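The exercises below are meant to be worked through with the sequence and the coordinates open side by side. Each task is followed by a solution that proceeds step by step.

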Amino acid sequence: MARLRSDTHTTMMESSRRPSLWAGSLRRDLIRLDDLASDRIEEGQPYTSSKSGPSSASRQNSFAWPFHGRHASEANSTTRSSRFTLRTWQPRTFFRPHDDTASIDRSIVPDYVVNFIRGETPETLARKKEQRKWGQHGVEVTPRRDTLASHPIEYGHYYSSSTDLTRDLNTFSSWSRKSGLRRHITGWRGGVIFNSLISFIILLVGIICLILVIAKAKLLAGESAIFLGDCATAEHINIGIHIVINVFGVALLSGANYVFQVLSSPTRSEVAVAHGSKHWLDIGIPSIRNFLHISGFRAAVAVIVLLSAVASQVIYNAVIFTTQNVVNYDVLFVTQSFLDHAPFSNDTNINEGGLSNLDIINLQDAASQAGTLTNMTLTTCLQEFSSIFQPSFNAVLLITDTVSTTSSLIRTSEPGTSLTTFTSNNNDIIAPDGSHVRYCLARPSAPETCSVNLSGSILGIAVLLNLATLIGMAIILARSSFEPLATLGDSIRSFLRHPDPTTANACLLTKSDVQKGDWAFSEAQFFVPSNHYWFRTPSFPRWALTVLSWLAIGAPTAVALGLMVSSNLDDPLTRFGVATPQFSFLPPSPFGTAQMPLVTALPQLLLAALYLVTNAHLTTYFLSHELSLFARSPRSLRVSSNPAGAQITSLFLTLPRPVSWTLLAWFAAMGFSLSQAIFPGVVTLLPPNSSASLFAGPKPPSIHSIVAVSFSTQALLTLLALLVALLLAILILGCRRTGAASFASGEAKGNPLVLRGGSCSAVISAKCHHHDVVPPGQDPQQNDGDIWLRPISWGVVEEGSGMRPGRCGFSANGVGCVDAGRNYV
């Protein structure tokens with residue numbers, strides 16, 4: 001048997017005398033335990049499990065008039081009757097609100113008696129009259145009935161399609177403590193304004209940059225160099241800009257996800273329609289499955305906002321890229337005597353590289369001086385001069401075993417020719433005359449220069465996408481009548497005010513029951529205490545989606561890192577965002593300098609998808625955690641709009657702000673690492689014997705560029721480490737155990753409010769059928785009927801006895817402990 005806590009403790013005999021109130025959700029009138037205990041119920045009263053209420057055997061019991069209860073000083077002079085009529089559910093009046101037609105006519109009971117019983121004084125009556133005339137003046141007044149109604153306990157106040165949503169469900173204007181401007185800067189509206197402001201700042205920065213590019217380059221299309229200089233400075237500028245870009249990109253994505261969650265949250269009317277057709281909705285998390293049951297306009301705006309933000313994440317990372325200016329290298333096949341200033345011929349037949357006589361003499365002089373040129377073995381020579389570009393050397397002499405008396409120069413090749421062209425099956429280098437190369441001498445080149453480039457056309461597209469995101473965020477603010485169930489507190493408040501008849505008598509309903517179609521039980525259910533770990537909250541499909549999203553980016557990162565490190569063990573780690581010959585690859589089909597940044601930024605789509613999935617996964621964790629806290633201690637409802645009474649509001653919806661900001665910073669770091677791990681390797685090849693000068697204007701015909709896909713192993717390693725840490729954080733957080741509720745047996749494990757399987761509107765509504773009981777000796781408070789205005793807890797609100805089950809629900813006056821040996825509805 002469930003045990004009530006000390007403030008509502010009763011004996012078995014006392015609870016056996018209570019009327020059978022379990023079948024159906026009760027209206028919010030307060031019943032004193034003294035009244036309940038004094039009413040006798042026949043022992044032979046049959047038990048019924050139907051939702052229509054107790055059997056006819058209990059209909060003869062009746063309660064006294066409400067004003068028969070006196071204060072202690074008046075108890076001796078008043079005859080007290082504690083009998084009342086317990087009505088059962090009648091179809092014609094099931095959804096009928098209680099009005100004054102059911103109350104005692106004022107002609108029977110004088111007004112001064114009514115006011116006295118209600119605890120009114122002339123001062124309070126005058127104050128209320130003034131408030132009705134002039135409105136509230138900083139005082140919260142709960143609407144009360146104008147006449148004294150002597151109501152038996154009835155089944156009512158259920159939500160139905162006939163309920164006046166505009167007046168009673170969505171506005172809360174009669175007892176809201178927020179008004180005017182404050183209503184639009186708190187709760188979910190304040191969160192949307194905050195994210196819109198961030199989006200506007202990012203848009204403003206983009207527009208300013210676009211104007212500067214147009215003013216400098218005099219055109220929108222093409223690229224404009226925003227920096228020309230040494231590569232170290234260009235590298236720092238590139239890293240700094242990409243850090244800002246990825247912070248902005250993840251901030252846009254986070255804001256769009258916030259707006260998406262608000263827009264995809266159902267209203268109470270949409271929940272009622274869905275529940276009427278036995279469909280459940282997601283509450284408190286971003287949801288795509290809700291699209292089938294919410295407004296089509298809201299669904300369209302939510303999709304546009306989210307897709308615009310995801311596309312912005314990709315486009316912004318393609319705006320900036322660097323270009324390396326590299327002098328192309330000459331290739332010369334010579335004899336050993338060439339190093340001793342032997343004569344040579346530069347006839348056009350053997351001088352395909354077009355070297356002048358002075359160029360060849362300079363190389364011959366450098367070769368004759370020890371230490372001027374770098375001596376390489378054949379293996380090293382092949383590695384250095386077989387890539388798509390060579391930034392360290394501008395000429396290579398291949399010394400052959402040929403002995404020639406006429407010319408020490410055998411042949412020159414076109415600048416930048418890969419030595420793999422001259423290799424044999426044994427990886428030997430064969431000269432054009434058939435001789436074998438013995439070793440190589442390479443001349444170091446001058447320090448290369450770099451430029452940081454900005455694509456005006458791509459920046460224009462990014463600005464338009466940012467504008468679309470901002471407009472979508474602003475649209476939701478224009479809908480002042482939109483009141484979604486965006487947080488757990490919103491849904492509990494709504495279901496407590498208007499209980500859902502589709503989930504009555506099912507306080508232990510689970511998501512698996514709902515998925516099987518068992519929305520209501522034919523008999524009471526037992527709760528079996530067991531430890532609940534957070535990893536059991538998300539459903540299996542959500543876990544599968546999270547793992548697949550992680551593998552979609554984690555597996556390619558690990559494979560790419562392993563292949564590149566194993567292929568270059570001598571120097572496996574390359575710097576962030578710096579193109580190197582060994583880790584740059586030409587695509588099968590050529591791309592321009594405007595298209596390649598977009599191609600290399602496409603993996604950002606996978607990272608954006610991972611952010612959205614991870615955010616929803618963690619939100620599911622904390623949604624169940626927030627609900628489970630009500631089974632441990634009284635808590636105020638955290639609502640997303642119009643807080644009243646003890647209710648609180650916040651800018652975040654479900655995911656706590658520290659977790660949300662940590663997730664944002666984490667993905668900003670991963671986005672930056674990804675932008676530096678795979679990036680466009682744009683190399684401008686300058687003519688041999690020219691300095692690595694800066695070409696800001698049109699390029700001469702002799703200059704061409706290489707546009708490749710480049711990788712940085714340092715950035716890949718950093719990205720992989722961040723991905724592994726993210727996965728471990730999700731798993732470790734999933735191993736957290738939900739705090740145990742108080743049980744009659746004293747066993748500290750299990751919590752009846754955990755959301756096993758994730759969010760489910762039907763499960764939440766099933767927990768919100770309540771009957772607030774006033775403990776003996778305690779006077780009802782002014783707002784006892786509106787328990788959602790006060791701190792509430794969940795537990796046993798009515799004990800069962802014999803074959804009659806107990807009832808669990810929310811209460812503001814203390815609850816009993818759930819007993820594993822009792823059944824509940």
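**Exercise 1. A pair of packed helices**

In which sense, left-handed or right-handed, does α15 pass α19 in their crossing? Describe the geometry of this pair and the residues that form the contact.

Solution. The model is a predicted one, and the work starts with the two axes. Helix α15 covers residues 540-567 and helix α19 covers residues 713-734, and they pack with their axes 9 Å apart at an angle of about 150 degrees. Angles over 145 degrees count as roughly antiparallel, and α15 and α19 are therefore roughly antiparallel to each other. The crossing in which α15 passes α19 is left-handed. On the α15 side the contact includes W543, W550, I553, G554 and L561, while on the α19 side it includes T713, L716, L720, L727 and L731.

**Exercise 2. A second pair, and its place in the core**

Determine how α7 is oriented relative to helix α18, and then identify what α7 contributes to the largest nonpolar core.

Solution. The axes of α7 and helix α18 (residues 657-677) lie 8 Å apart, and the packing angle is about 135 degrees. That angle makes α7 oblique to α18. The crossing of α7 past α18 is right-handed. The residues that meet include N238, H242, N246 and V250 of α7, and L664, F667, G671 and S675 of α18.

Turning to the core, the largest nonpolar core holds 61 residues, and W188, I476, F667 and M670 touch the most other members. The largest share of this core, nine residues, comes from helix α7, which spans residues 231-264. F667 thus appears in two places, among the α18 residues that meet α7 and among the core residues that touch the most other members. W188 can be followed further: leaving out residues up to four places away in sequence, its partners include Y258, V262, I476, F482 and L653. A second, separate core of 47 residues includes F521, C768, I787 and F810.

**Exercise 3. The surroundings of A708**

Is A708 buried or exposed, and which residues surround it?

Solution. A708 is located in strand β15, which runs over residues 704-711. Its relative accessibility is 0%, so A708 counts as buried. Apart from neighbours within four places in sequence, the residues in contact with A708 are I388, S584, F585, L586, P587, M596, F679, P680 and G681. A further distance can be checked on the model: the C-alpha atoms of A708 and G592, which are 116 residues apart along the chain, are separated by 9.6 Å.

**Exercise 4. Positive phi outside glycine**

Locate K278 and H341 in the chain, and state for each the phi angle and the degree of exposure.

Solution. K278 is not a glycine, yet its phi is positive, at about 60 degrees. The residue sits in the loop between α8 (268-276) and α9 (296-317), and with 44% relative accessibility K278 counts as partly exposed. H341, likewise not a glycine, has a positive phi of about 65 degrees. H341 belongs to the loop between β4 (330-334) and α10 (357-368), and its relative accessible area of 44% makes it partly exposed.

**Exercise 5. The chain as a whole**

How many helices and strands does the chain have, and what percentage of its residues is buried?

Solution. The secondary structure comes to 20 helices and 19 strands. Of the 825 residues in the chain, 54% are buried. The chain exposes about 35600 Å², of which carbon and sulfur atoms supply 60%. Finally, among contacts between residues at least 6 apart in sequence, 80% join residues at least 24 apart.

Technical notes: Residues numbered from 1 in each chain as written. Predicted model: local features only at pLDDT ≥ 70, side-chain atom pairs only at ≥ 80, totals over all residues. Heavy atoms only, no water. Core = buried A, V, L, I, M, F, W, Y, C linked by side-chain atoms within 4.5 Å. Buried < 20%, exposed > 50% of the residue type's maximum accessible area, 1.4 Å probe, protein only. Helix = DSSP H or I, 4+ residues; strand = E, 2+ residues; numbered from the N terminus. Contact = heavy atoms within 4.5 Å. Areas by Shrake-Rupley, 256 points an atom, 1.4 Å probe, with all protein chains shown as cover. Axes fitted to C-alpha atoms, helices over the stretch in contact; angles between N-to-C directions. Parallel < 35°, antiparallel > 145°, perpendicular 65-115°, else oblique. Left-handed = near helix turned anticlockwise from the far one by under 90°.
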